[in-house]
Amino acid sequence: MIDVIKPTLLLNKEKSFNNIKNIQKNLTDSKIELRPHFKTHQSNVVGNWFKELGIKKITVSSVTMAKYFSKYWDDITIAFPVNILELDDVIMLQEKIKINLLVDSYDVLEILEKKLRSKINIYLKVNVGYNRAGVDYESDSINDIISYSESSSKLNFKGFLTHFGDTYNSKSSIEIHDSFENSINKISDLNKKFPDYEISIGDTPSSSLVNKYPEFITEIRPGNFVFYDLDQLKIGSCQIEQIAIRLVCPIISIYKKRNSLLIYGGSVHFSKDYIIENNNKCYGYVYHGDYWSLENKIGYIKSLSQEHGIIELEKNINLKIGDKLSIIPVHSCLTVDKMREFYINDNKFKIMT
């Protein structure tokens, strides 16, 4: 077993494999492709697990990430509106692999037309209510963007890409389904106007629960599902047994009168994301004993500062300074990004740099 002396991230390959297979099973009776988002794990080691299960196309969130994964993957969608200041790197990637870009405004098209050396696939980012990015699905500008692209010598308009981000605000699996249907209805209206183009959707909550999609959906792009976390558990996207990530932290001090512990593990390790339980902020579930056991929960992280974590104990248990606690984080994507490395069994791996 790993000799943990400081905050240490553990991944469970078996759980992750099962999580990937479950998403694939939801697509069994459809022609929809799974193009998983790799921003959660940021690792070629974990990426190869997807290869083992037959995945051939992936999604990333930046040009930097596309460069990292291009060593092993030759069909990558950058699911972030194109940053024109990185076009030199995009051009370099075009020479190696198939790259799909995301646009969400008319203005960027002329820049791409002028600066690109060869034709590239583009998707239009469409907003269906999450209001983070994208052209509104009812916008008249969609016609102009398609018309310009189709007359362009550099732009191959493939279709529409959207993120059903509202599912993350759900409070139950029922609400996830309702949010999904609401977004699908909007995309259906778009498909009726433009039936000849691909439609790519992506979010972990609905991808984890939905097993029947409209025929016009081309692909799904979930990412967090490979590990899941407390946030996904809280909204009904997964079961706690599916969570494939733990952050192990040592106990630094014990405060019996306050019924609390100090651990070496703070916001620089977990991030500042939290869930609300019993009107309290919770930054992680805390377990003692076997790192992967779910039968020994002793409390939760009630506050985080930069390096410190304060645990509220929920049961009387004999603990001592130096004991190691296993913690399920609230947001696995950010925890992996903060930690920059992880262990699978006794083997250490670093994520992209």
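Biologist: Is Lys297 buried, partly exposed or exposed?
Modeller: Lys297 counts as partly exposed, because its relative accessible area is 22% and the buried class stops under 20%. Keep in mind that this is a predicted model.

Biologist: OK, and what does the Lys297 side chain meet in a salt bridge?
Modeller: Glu314, at 2.8 Å from N to O. Glu314 sits in the loop between β17 (308-313) and β18, while Lys297 is in strand β16 (residues 297-304), so the salt bridge ties together parts 17 residues apart in sequence. Glu314 is partly exposed too, with a relative accessible area of 47%.

Biologist: Which residues get joined into one network by salt bridges that share partners?
Modeller: Arg35, Asp75, Lys98 and Glu219.

Biologist: Let's stay on Asp75. Where is it, and is it buried or exposed?
Modeller: Asp75 is in strand β4 (residues 75-81). Asp75 counts as buried, because its relative accessibility is 7%.

Biologist: What does Asp75 touch, leaving out residues up to four places away in sequence?
Modeller: Arg35, Lys56, Lys57, Ile58, Lys98 and Asn100. With Arg35 there's also a side-chain to side-chain polar contact at 3.1 Å.

Biologist: Back to salt bridges: how many does the structure hold?
Modeller: There are 15. One of them pairs Lys324 with Asp3 at 3.5 Å, N to O. That pair links distant parts of the chain, 321 residues apart: Lys324 is in strand β18 (residues 324-329) and Asp3 in the segment before β1 (8-11).

Biologist: How exposed are Lys324 and Asp3?
Modeller: Lys324 is partly exposed at 26% relative accessibility, whereas Asp3 is exposed at 59%.

Biologist: New topic. What's the volume of the largest pocket?
Modeller: About 710 Å³. It has 33 lining residues, and the closest to its centre are His37, Lys39, Arg132, His163 and Tyr168.

Biologist: How does that lining split by class?
Modeller: The largest pocket is lined by 12 nonpolar, 12 polar and nine charged residues. Strand β4, α9 (230-235) and α11 (332-339) each supply at least two lining residues.

Biologist: And how many cavities of 30 Å³ or more are there?
Modeller: One, with a volume of about 40 Å³. Among the residues lining that cavity are Tyr130, Arg132, Thr162 and His163.

Biologist: Which strand gives the largest share of that cavity's lining?
Modeller: Strand β6 (residues 120-127), with three residues. By class, the cavity lining has four nonpolar, four polar and two charged residues.

Key. Residues are numbered from 1 along each chain as its sequence is written. This is a predicted model: local features need pLDDT of at least 70, side-chain atom pairs count only at pLDDT 80 or more; totals for chains, interfaces and linings use all residues. Side-chain values use heavy atoms; hydrogens and water are left out. On a 1 Å grid over the protein atoms alone, a cavity is a set of points where a 1.4 Å probe fits but cannot get out, and a pocket is an open set with protein on both sides within 12 Å along at least five of seven lines; lining residues have an atom within 4 Å of a point. Grid points are joined across faces, edges and corners, and a volume is the space filled by probe spheres set on the points. Helices (H or I, at least four residues) and strands (E, at least two) are DSSP runs, numbered from the N terminus. Ala, Val, Leu, Ile, Met, Phe, Trp, Tyr, Cys and Pro count as nonpolar, Asp, Glu, Lys and Arg as charged, and the others, Gly among them, as polar. Buried means under 20% relative accessible area, exposed over 50%, partly exposed in between (1.4 Å probe, protein chains only). A polar contact is a pair of N or O atoms within 3.5 Å; within protein, one must be able to donate a hydrogen and the other to accept it, and residues adjacent in sequence count only if both atoms are side-chain atoms. Contact means heavy atoms within 4.5 Å. A salt bridge is a side-chain nitrogen of Lys or Arg within 4 Å of a carboxyl oxygen of Asp or Glu.
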